Amino acid sequence: MDSVKQTQLRMLKSGLLLNGFICIIALVFLKNPINFVVGIVFGMAISLLNFRLLYLTLNRAVQMPPPKAQAYATSRYLLRYVITGIVVYVSIQADYINVLGTIAGLTSLKLVILKTELFNSKEYFKNILKRKEER
Amino acid sequence: MEPITGRALVLAASAIGAGLAMIAGIGPGIGQGYAAGKGAEGVGRQPEAQGDIVRTMLLGAAVAETTGIYGLIVALILLFANPLIRLL
């Protein structure tokens, strides 16, 4: 199993790759792609910083007594939630940022995690329609 | 008494909808706190497994947090960039 640092680096690289791909598609197909690209960059930056903040929170929480860790993790979650709320509000109000781009940037991390950690086994997809006895 | 206009009705319903959408933000908070408490218990029981515990919790919490963000986005769009007003 990878270390936590390696996992974070992999998430960073995969996130940049996915969002770069989305940016290229936007540049080719959209009429006004700059606003969308700015939104994606904005959302992705906040998403990756939130991910780092989540790591720092959890790393500290596991060294606390369980009831204190619970309260600490929940309070930090609310802090990240407020930050995300401010980001979405700013992107709604600002004319030069496309809100759909920001949303795509914010939620792209989930897709990256699902792709790299959950759906990363080719064997699983090969055997998905086979019965357990046939494998 | 003035009659209720369609615009006022849509705005009122949007505000109620935004409030209901924000309920989605509570679940991940409770879940993350619960997971962090159990993670702390696990690290206390087996300190050498801290890296694996934090890594698993990190990925799970990041995926769970996105669900709350969806609710937040729906609420903020209903409040500040309501697409239903244009349909009137």
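A nonpolar core is a set of buried Ala, Val, Leu, Ile, Met, Phe, Trp, Tyr and Cys residues joined through C-beta atoms within 7 Å. In this predicted model, the largest such core has 38 residues. Both chains supply elements to this core.

**Main core**
- The residues with the most contacts inside the largest core are A:L58, A:V62, B:L58 and B:A62.
- Chain A gives two or more residues from each of α1 (4–29), α2 (33–61), α3 (66–93) and α4 (99–118).
- Chain B does so from α2 (26–45) and α3 (50–80).
- The largest share, 13 residues, comes from α3(B).
- A:L58 reaches across to chain B, where its contacts include B:A36, B:V54 and B:M57. B:L58 and B:A61 also touch A:L58.

**Second core**
- A separate core of six residues includes A:A26, A:F36, A:M44 and A:A104.

**Contact between the chains**
- The contact takes 36 residues from chain A and 32 residues from chain B.
- On the chain B side, the elements giving two or more residues are α2 and α3.
- α3(B) gives the most to that side, with 19 residues.
- By class, the chain B side has 19 nonpolar, 10 polar and three charged residues.

**Helix α1 of chain B**
- α1(B) is hardly covered: zero of its 16 residues are buried.
- What span should the 16 residues of this helix (residues 6–21) have at 1.5 Å a residue? The expected span is 22 Å, and the end C-alpha atoms are 22 Å apart, so the two agree.

Technical notes:
Residues numbered from 1 in each chain as written. Chains lettered and ligands numbered in written order. Predicted model: local features only at pLDDT ≥ 70, side-chain atom pairs only at ≥ 80, totals over all residues. Buried ≥ 20, exposed ≤ 12 C-beta atoms within 10 Å, placed from the backbone. Helix = DSSP H or I, 4+ residues; strand = E, 2+ residues; numbered from the N terminus. Contact = placed C-beta atoms within 7 Å. Nonpolar A, V, L, I, M, F, W, Y, C, P; charged D, E, K, R; others polar. Expected span 1.5 Å × (residues − 1). Lists of a residue's contacts leave out its neighbours within four places in sequence.
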